[in-house]
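Trainee: Please take me through one part of this model closely. I would like the local detail, and then how that part sits in the rest of the chain.

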Amino acid sequence: MTDKINQYLDGVFAPYEGTKSVTELKADLLADLQERYRELRAEGKDEATAFELTVDSIGDIEETVQEVTNLSRTLERQVVTRFDASSLEGSDFAGVSARQGRFGASALRGSDFSNADLAGSRFKSSDLKDTNFDGANLTDAVLTTAELKGSTFRRARLVRTDFSMSGLFEVRFEDAALTDVAFRQTDLKRTVFERCTFTGVDFSQSDLRGLVFDGETFTGVKFDQAGLEGMSLRGAILRDCSFRGGWSKKYYKALRTVNFDGARMDKLTYAALKGMGFTPANVIVE
């Protein structure tokens with residue numbers, strides 16, 4: 001009868017074999033069932049009845065096994081995607097699923113992460129020069145203090161992505177919707193943004209001098225204490241945007257050099273600019 005119990009468990013666990021934690025669960029459960037079967041037989045139950053009662057005593061084991069398997073595989077994947085302080089120049093990660101991956105302080109120059117799922121991954125202080133992130137999911141990813149010179153983010157999914165204090169020289173963002181992305185204290189003078197939308201983006205204390213944002217859409221964006229000399233917002237749409245300069249006279253002077261020709265803005269954004277003593281000309285207030 002012990003073999004019959006074992007065969008029963010083999011059938012239940014068959015779809016989940018190969019996961020260490022499930023194998024251990026199976027061994028523990030088998031020992032418990034065998035003990036339960038012996039107790040029932042000692043109480044005078046015949047073999048068939050004892051077996052049926054033994055199996056019934058474990059309830060819906062399949063749901064429990066599924067939960068354990070999912071958890072175990074998640075933990076195993078986390079081990080696989082830990083590449084902190086690794087030398088991985090020119091690596092091919094195209095299309096991989098590496099959620100919560102750890103690539104901090106790694107050498108990844110020239111690597112390909114196109115169309116990869118990198119949600120929640122961390123690349124802090126890594127060398128990411130000339131890296132391809134086209135089409136990648138970078139939701140909640142952290143790329144702070146990283147070197148990204150020459151990298152591309154075409155059609156990338158950028159939600160709550162943090163690029164603060166990183167090197168973005170000649171980095172290209174194209175056809176991307178940036179939502180709650182952080183660029184705090186970042187040099188963006190030579191960064192390219194083409195056909196992008198900006199929602200909740202934080203450019204606070206960043207260098208935006210000379211950047212061209214013509215025709216782009218900005219909603220709830222912060223330009224607080226940023227370097228704005230020569231920035232162009234011609235034909236742009238601005239809704240609920242913040243231009244706060246604290247007590248800096250330099251900031252207010254730079255604000256007057258921004259080209260707002262043809263821009264459309266809501267009344268609150270327009271009023272905020274006027275409140276700082278600057279009335280943008282040739283704008284449409286809606």
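Mentor: Start with one side-chain pair in this predicted model. The side chains of aspartate 162 and serine 164 make a polar contact of 2.7 Å.

Where does aspartate 162 lie? Aspartate 162 is in the loop between strand 2, residues 158–159, and strand 3, residues 172–174. Its relative accessible area is 18%. The cut-off for buried is under 20%. Aspartate 162 therefore counts as buried. Set aside the neighbours within four places in sequence. Aspartate 162 is then in contact with Ala141, Val142, Leu143 and Thr144. Ala182 and Arg184 complete that list.

Now the partner. Serine 164 lies in the loop between strand 2 and strand 3. Serine 164 is buried, with a relative accessible area of 5%. Again leave out neighbours within four places in sequence. The contacts of serine 164 are Thr144, Thr145, Ala182, Phe183, Arg184 and Thr186. Thr144, Ala182 and Arg184 appear for serine 164 and also for aspartate 162.

Between the two sits phenylalanine 163. This residue, too, is placed in the loop between strand 2 and strand 3. Is phenylalanine 163 buried or exposed? Its relative accessibility is 0%, so phenylalanine 163 counts as buried. Its contact list, not counting residues up to four places away in sequence, includes Leu143, Thr144, Leu148, Phe153 and Leu158. Leu168, Phe173 and Val181 are also among the residues that phenylalanine 163 touches. So are Ala182, Phe183 and Thr186. One of these can be given a backbone distance. The C-alpha atoms of phenylalanine 163 and phenylalanine 183 are 5.2 Å apart, with their positions 20 residues apart along the chain.

Next comes methionine 165. Its place is in the loop between strand 2 and strand 3. Methionine 165 has a relative accessibility of 47% and counts as partly exposed. Check its backbone. Most residues other than glycine have a negative phi. Methionine 165 has a positive phi of about 60° although it is not a glycine. Glutamine 225 gives another case, with a positive phi of about 55°, and it is not a glycine either. Glutamine 225 lies in the loop between strand 7, residues 217–219, and strand 8, residues 237–239. Glutamine 225 is partly exposed, with a relative accessible area of 47%.

Go back to strand 2, where the loop begins. Strand 2 belongs to an open sheet of 7 strands. What is the strand order? The order is 2-4-6-7-8-9-10, with parallel pairing. Strand 2 and strand 10, residues 284–285, are the edges. Each has a single partner strand, so one side of each is left without a neighbour in the sheet. Strand 2 runs parallel to strand 4, residues 177–179, and 2 bridges join them. Leucine 158 stands opposite leucine 178 in strand 4. Leu158 is also one of the residues that phenylalanine 163 touches.

A further phenylalanine extends the picture. Phenylalanine 133 has its place in the loop between helix 4, residues 61–80, and strand 1, residues 152–154. Its relative accessible area is 0%, so phenylalanine 133 is buried. Leaving aside neighbours within four places in sequence, its contacts include Phe113, Ser114, Leu118, Phe123 and Leu128. Leu138, Leu143, Leu148, Thr152, Phe153 and Ala156 are among them as well. Leu143, Leu148 and Phe153 are in the contact list of phenylalanine 163 too. The C-alpha atoms of phenylalanine 133 and phenylalanine 173 are separated by 9.8 Å, and the two residues are 40 apart along the chain. Phe173 is also touched by phenylalanine 163.

Now the whole chain. How many helices and strands does the chain have? The chain has 6 helices and 10 strands. Buried residues make up 44% of its 286 residues. Take contacts between residues at least 6 apart in sequence. Of these, 15% join residues at least 24 apart.

Last, the pocket. The largest pocket holds about 160 Å³ of space. Lys222, Asp240, Cys241, Ser242 and Phe243 are among its lining residues. So are Arg244, Leu268, Thr269, Ala272 and Met276. By class, the lining has 5 nonpolar, 2 polar and 3 charged residues.

Terms used: Residues are numbered from 1 along each chain as its sequence is written. This is a predicted model: local features need pLDDT of at least 70, side-chain atom pairs count only at pLDDT 80 or more; totals for chains, interfaces and linings use all residues. Side-chain values use heavy atoms; hydrogens and water are left out. On a 1 Å grid over the protein atoms alone, a cavity is a set of points where a 1.4 Å probe fits but cannot get out, and a pocket is an open set with protein on both sides within 12 Å along at least five of seven lines; lining residues have an atom within 4 Å of a point. Grid points are joined across faces, edges and corners, and a volume is the space filled by probe spheres set on the points. Ala, Val, Leu, Ile, Met, Phe, Trp, Tyr, Cys and Pro count as nonpolar, Asp, Glu, Lys and Arg as charged, and the others, Gly among them, as polar. Helices (H or I, at least four residues) and strands (E, at least two) are DSSP runs, numbered from the N terminus. Buried means under 20% relative accessible area, exposed over 50%, partly exposed in between (1.4 Å probe, protein chains only). A polar contact is a pair of N or O atoms within 3.5 Å; within protein, one must be able to donate a hydrogen and the other to accept it, and residues adjacent in sequence count only if both atoms are side-chain atoms. Contact means heavy atoms within 4.5 Å. Two strands pair if DSSP finds at least two bridges between them.
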